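The following paragraphs lead the reader through a protein model, one part after another. Please keep the sequence and the structure in view while reading.

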Amino acid sequence: MLNIYTATSSDYPLIQKIAHETWPDTFGAILSKEQISYMLEMMYSTAALTEQTSVKGHQFLLVKDETKHLGYASFELNYKGLSKTKIHKIYILPEAQGKGVGKLLMNTITGIAKENNNDTLSLNVNRDNSAFAFYQNIGFEKVGEENIDIGDGFLMEDFIMDKKLV
């Protein structure tokens, strides 16, 4: 049985632990070890997580089964003042992938978006990330591409994907 709940600042260590376990598997063949390390610090330091939740309005969800936490997602309602929910992060432990964890997180975010009168889900995905196919399978469409300079000579090369909610 999977349980999903809204994370608080006391859950930051869990989010950080899952990030450090999933990122090498997710990005090891796509990004250098240096870029992975840089991005983990940039996005998952306690200060970064605090800014995301307290200043930028991101909400984190955690999923666990009877024995351990399996993944998390973060999202932002009314992204850039639009009726759009931006999914900033969604990561599932490698051993939990394919077991419905990602779909549960997406369905939960969809419900929250609809409750808040948002009519679109939006996310970015690395152009070489195999999750692109997962997003297509659950109704997302590629609507653009962007290159984001994240500093230290590193670039995020992403597809932008949207899903209309009905």
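The expected span of a helix is 1.5 Å times one less than its number of residues. This model is a predicted one, and helix α2, residues 33-44, offers a place to apply that rule. Helix α2 has 12 residues, and the distance from its first C-alpha to its last is 16 Å, close to the 16 Å expected at 1.5 Å a residue.

Which residues of α2 are buried? They are Q35, I36, M39, L40, M43 and Y44. Viewed down the axis of α2, these buried residues fall within an arc of 135°, and therefore they line one face of the helix. The general geometry of helices helps in reading this pattern. An α-helix has 3.6 residues a turn, so residues three or four places apart point the same way. The face of α2 turned away from the buried side carries the exposed residues E34 and E41. On the buried side, the residues of α2 pack against two helices, α1 (12-27) and α3 (46-54), and against the strands β3, β4, β6 and β7.

From the helix the reader may turn to strand β5, which spans residues 120-126. Is this strand mostly covered or mostly uncovered? Strand β5 is mostly covered, as six of its seven residues are buried. Two strands pair with β5, namely β4 and β7. Strand β4, residues 84-92, runs parallel to β5 and is joined to it by four bridges. One bridge partner is found at T120 of β5, which pairs with K84. Strand β7, residues 154-164, pairs with β5 in the antiparallel sense, over seven bridges. Here T120 stands opposite K164 of β7. T120 thus has a partner in β4, K84, and a partner in β7, K164.

The path of the chain from β4 to β5 can be followed as well. Helix α4, residues 101-115, makes a right-handed β-α-β unit together with β4 and β5.

The last topic is the pairing of charged side chains. How many salt bridges does the model contain? The count comes to five. One of them joins the side chains of E95 and K68, with N and O 2.9 Å apart. E95 lies in the loop between β4 and α4, and K68 lies in the loop between β2 (59-64) and β3 (69-76), so this pair ties together parts that are 27 residues apart in sequence. E95 is partly exposed, at a relative accessible area of 44%, and K68 is likewise partly exposed, at 34%.

A second salt bridge is formed by the side chains of R127 and E145, at 3.7 Å from N to O. This pair also links distant parts of the chain: R127 is in the loop between β5 and α5 (131-137), E145 is in strand β6 (residues 141-151), and the two are 18 residues apart. E145 forms a salt bridge with K142 too, with the closest N and O atoms 3.2 Å apart. R127, K142 and E145 are therefore linked in a network of salt bridges, where a bridge is a Lys or Arg side-chain nitrogen within 4 Å of a carboxyl oxygen of Asp or Glu. The relative accessibility of R127 is 26%, that of K142 is 42% and that of E145 is 46%; each of these values counts as partly exposed.

Note on methods. Residues numbered from 1 in each chain as written. Predicted model: local features only at pLDDT ≥ 70, side-chain atom pairs only at ≥ 80, totals over all residues. Heavy atoms only, no water. Buried < 20%, exposed > 50% of the residue type's maximum accessible area, 1.4 Å probe, protein only. Pairing = 2+ DSSP bridges. Right-handed = clockwise from strand over helix to strand, strands pointing away. Arc of directions from axis to C-beta. Contact = heavy atoms within 4.5 Å.
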